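Visitor: I would like to learn how the words used for a protein model are earned. Could you take me through some of them?

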Amino acid sequence: MEAIKAGDWRRAEGLSERERALCTVAEKMSATPTRMVEEDWQPLRAIGFDDKACLEVGHIVGIFNYLTRLADGFGLALDAGTRAASESGVTLLSDGSSVRRRT
């Protein structure tokens, strides 16, 4: 968790091969999308992702990037409860209650 908070998912312990492949593709597609080439999809293809699955990954990465840019562009910020949950490890539930995550 600390590695991800620090922005270095490569140091995160316990990520599966699948999660590492997804992070590799998502990182490049987010940071330098115009430099994506066929070989950049190889980590996903190596674990069995076909064209349809790669397209789905692309859509998800793109949507998250789009939503983040919208929020940043409009100056949106997390509400106090969500910010506190993200900093404390407490999960907010839809009914307004909370539960501490296991770490």
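The talk below turns to a helix pair and then to a pocket.

Guide: Keep in mind that this is a predicted model.

Visitor: How are two packed helices described?
Guide: By the angle between their axes and the distance between the axes. For H2 (residues 17–31) and H4 (residues 51–73), the angle is about 50°. Their axes lie 10 Å apart.

Visitor: Why are H2 and H4 called oblique to each other?
Guide: Set the angle of about 50° against the cut-offs. Under 35 degrees would count as roughly parallel, and 65 to 115 as roughly perpendicular. The angle of H2 and H4 fits neither range, so the pair is oblique. The crossing of H2 past H4 is right-handed.

Visitor: How do you know that H2 and H4 meet?
Guide: Contact means heavy atoms within 4.5 Å. On the H2 side, Leu22, Val25, Ala26, Met29 and Ser30 take part. Their partners in H4 are Val57, Gly58, Val61, Asn65 and Arg69. By class, this contact has six nonpolar, three polar and one charged residues.

Visitor: What makes a residue part of the lining of the largest pocket?
Guide: It needs an atom within 4 Å of a pocket point. Leu22, Cys23, Ala26 and Ser30 are among the lining residues, and so are Phe64 and Thr68. H2 and H4 are the elements that give two or more residues to this lining. The largest share, six residues, comes from H4.

Visitor: How much space lies in the largest pocket, and which classes line it?
Guide: The space is about 330 Å³. The lining has seven nonpolar residues, three polar and no charged.

Terms used:
Residues numbered from 1 in each chain as written. Predicted model: local features only at pLDDT ≥ 70, side-chain atom pairs only at ≥ 80, totals over all residues. Heavy atoms only, no water. Axes fitted to C-alpha atoms, helices over the stretch in contact; angles between N-to-C directions. Helix = DSSP H or I, 4+ residues; strand = E, 2+ residues; numbered from the N terminus. Left-handed = near helix turned anticlockwise from the far one by under 90°. Nonpolar A, V, L, I, M, F, W, Y, C, P; charged D, E, K, R; others polar. 1 Å grid on protein atoms, 1.4 Å probe; cavity = no way out; pocket = protein on both sides within 12 Å on 5 of 7 lines; lining within 4 Å. Points joined across faces, edges and corners; volume = space filled by probe spheres on them.
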